[in-house]
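Here is a short briefing on one protein chain. Keep the structure open while you read.

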Amino acid sequence: MIKSMTGFGRGEYTDGKRSIIAEIKSVNHRYSDITIKMPRRYTFAEDKIKNAVKDKIRRGKVDVSIIVENITENDVNIKLNSMLAKQYYDNLTELRGEFDLSGDISLQFLASLPDVMKAIPDVEDEEEITKAILEAVSEAASNLEKMRAVEGEKLAEDLIAKGEYIKNILDKIAERAPQVVTDYTAKMKERIQELVGSSVQVPEDRILVEAAVFADKCAIDEEITRLNSHLVQLKNIIEKSSQPDGKKLDFLVQEMNREANTIGSKANDITITNYMLEIKSEIEKIREQVQNIE
């Protein structure tokens, strides 16, 4: 089954203590590139998150975003920074004396100063939290995979249709190719007659030798056969392979383009040249589509 590298998936999970939302977005990329954005306090789970995503996604640029909202306050501790509070107090006392100010330095005022009293999350069970995060990530990855599979089906249909279109044009080229030598031979005879007139008889075997040389130069049977073979491989990879490889398809398209260029350069016929322009246009469209296949 072909899968697109473009997609989006969202997953949610609640374990009674916290609510977790995971969102995964992927776009096409030559290799596997996974980036995770999450609260710093949960970075201990990053490796397991990456492994969970890799189980679903083999290739592509993947952005994973994780939001964790605490439902209870059991995992938050209030920390007192006594040294900072003392510095505040000493500096305020010095300030009051230096400028001969009045007023008390109250507990309420001192506690309200920045960072004297600070709420610090207390992660007690890393394994439990990792498991909860992975539940959300797994759901998001599954939803992403479904979306990529649906997009992949559309890509598969389009690629097969383009392959069949190329095959039809290639059949026309194969039918036209023998006529190229026949036309060349007839034109050569006409040209000779124009140059030497009807009084001079040109040996028929000489004409046949020249025609044979031309036929050898413009022979495209092998290239047509190879391009047809590539089209069969394209269809087989799309329809029959359990895990189609975008890299393999990309290489195959390069080979298709190589054969198309050779046919175009050897054909020596305007009709075949025009056919090849159509084929090259379709191959380029296939190449663009293949770039987005996993």
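## Briefing: fold, pocket, surface and salt bridges

The protein chain holds 8 helices and 6 strands. This is a predicted model. Along the sequence, the elements run β-β-β-α-β-β-α-α-β-α-α-α-α-α. The chain has 294 residues, and 32% of them count as buried.

**Largest pocket**

- The largest pocket encloses about 210 Å³ of space.
- Its lining is made of Asn28, His29, Arg30, Tyr31, Arg59, Gly246, Lys247, Asp250, Val290 and Gln291.
- Which helix gives the most to this lining? Helix α7, residues 246-266, does so with 3 residues.
- By residue class, the lining splits into 4 charged, 4 polar and 2 nonpolar.
- In general, rolling a probe the size of a water molecule over the atoms shows where empty space is left.

**Nonpolar surface patch**

- Ile78, Leu80 and Met117 make a nonpolar surface patch of about 310 Å².
- Leu80 belongs to strand β5, which covers residues 76-80.
- Is Leu80 buried or exposed? Leu80 counts as exposed, because its relative accessibility is 53% and the cut-off for exposed is over 50%.
- Ala111 sits in helix α3, residues 107-112.
- The C-alpha atoms of Ala111 and Leu80 are 9.0 Å apart in space, while the two residues are 31 apart in sequence.
- Ala111 has a relative accessibility of 31%, so Ala111 counts as partly exposed.

**Salt bridges: overall count and one network**

- The chain has 19 salt bridges.
- Asp15, Lys17, Arg18 and Glu128 are joined in a network of salt bridges.
- Within this network, Asp15 pairs with Arg18, and their closest N and O atoms are 2.7 Å apart.
- Asp15 is partly exposed, at 27% relative accessible area.
- Arg18 has a relative accessible area of 4%, so Arg18 is buried, the cut-off being under 20%.
- Glu128 pairs with Lys17, with 3.2 Å between the closest N and O atoms.
- Why does this pair tie together parts that are 111 residues apart in sequence? Because Glu128 lies in helix α4 (residues 126-196), whereas Lys17 lies in the loop between β1 (7-14) and β2 (18-27).
- Glu128 is partly exposed at 31% relative accessible area.
- Lys17 is also partly exposed, with a value of 39%.

**Salt bridge between two helices**

- Glu259 forms a salt bridge with Arg226. The closest N and O atoms of the pair are 3.0 Å apart.
- This pair links distant parts of the chain, 33 residues apart. Glu259 is in helix α7, and Arg226 is in helix α6, residues 221-239.
- Which accessibility class does Glu259 fall in? Glu259 counts as buried, because its relative accessibility is 6%.
- Arg226 has a relative accessibility of 34%, so Arg226 counts as partly exposed.

**Positive phi angles**

- Most residues other than glycine have a negative phi.
- Asp100 has a positive phi, near 50°, and is a residue other than glycine.
- Where is Asp100 placed? Asp100 is in the loop between α2 (82-98) and α3.
- Asp100 counts as exposed, because its relative accessibility is 71%.
- Asp115 is a residue other than glycine with a positive phi, near 70°.
- Asp115 is in the loop between α3 and β6 (117-121).
- With a relative accessible area of 44%, Asp115 is partly exposed.

**Points to locate on the model**

- For the pocket, begin at helix α7, which gives the most to the lining. Lining residues elsewhere in the sequence include Asn28, Arg59 and Gln291.
- For the patch, find Leu80 in strand β5, then Ile78 and Met117, which help make the patch.
- For the network, begin at Asp15 and Arg18, then go to Lys17 and Glu128.
- For the link between helices, look at Glu259 in α7 and Arg226 in α6.
- For backbone geometry, check Asp100 with phi near 50° and Asp115 with phi near 70°.

Key
Residues numbered from 1 in each chain as written. Predicted model: local features only at pLDDT ≥ 70, side-chain atom pairs only at ≥ 80, totals over all residues. Heavy atoms only, no water. 1 Å grid on protein atoms, 1.4 Å probe; cavity = no way out; pocket = protein on both sides within 12 Å on 5 of 7 lines; lining within 4 Å. Points joined across faces, edges and corners; volume = space filled by probe spheres on them. Helix = DSSP H or I, 4+ residues; strand = E, 2+ residues; numbered from the N terminus. Nonpolar A, V, L, I, M, F, W, Y, C, P; charged D, E, K, R; others polar. Patch = residues over 30% accessible without salt bridge, like charges linked within 9 Å, V, L, I, M, F, W, Y side chains within 5 Å. Areas by Shrake-Rupley, 256 points an atom, 1.4 Å probe, with all protein chains shown as cover. Salt bridge = Lys/Arg side-chain N within 4 Å of Asp/Glu carboxyl O. Buried < 20%, exposed > 50% of the residue type's maximum accessible area, 1.4 Å probe, protein only.
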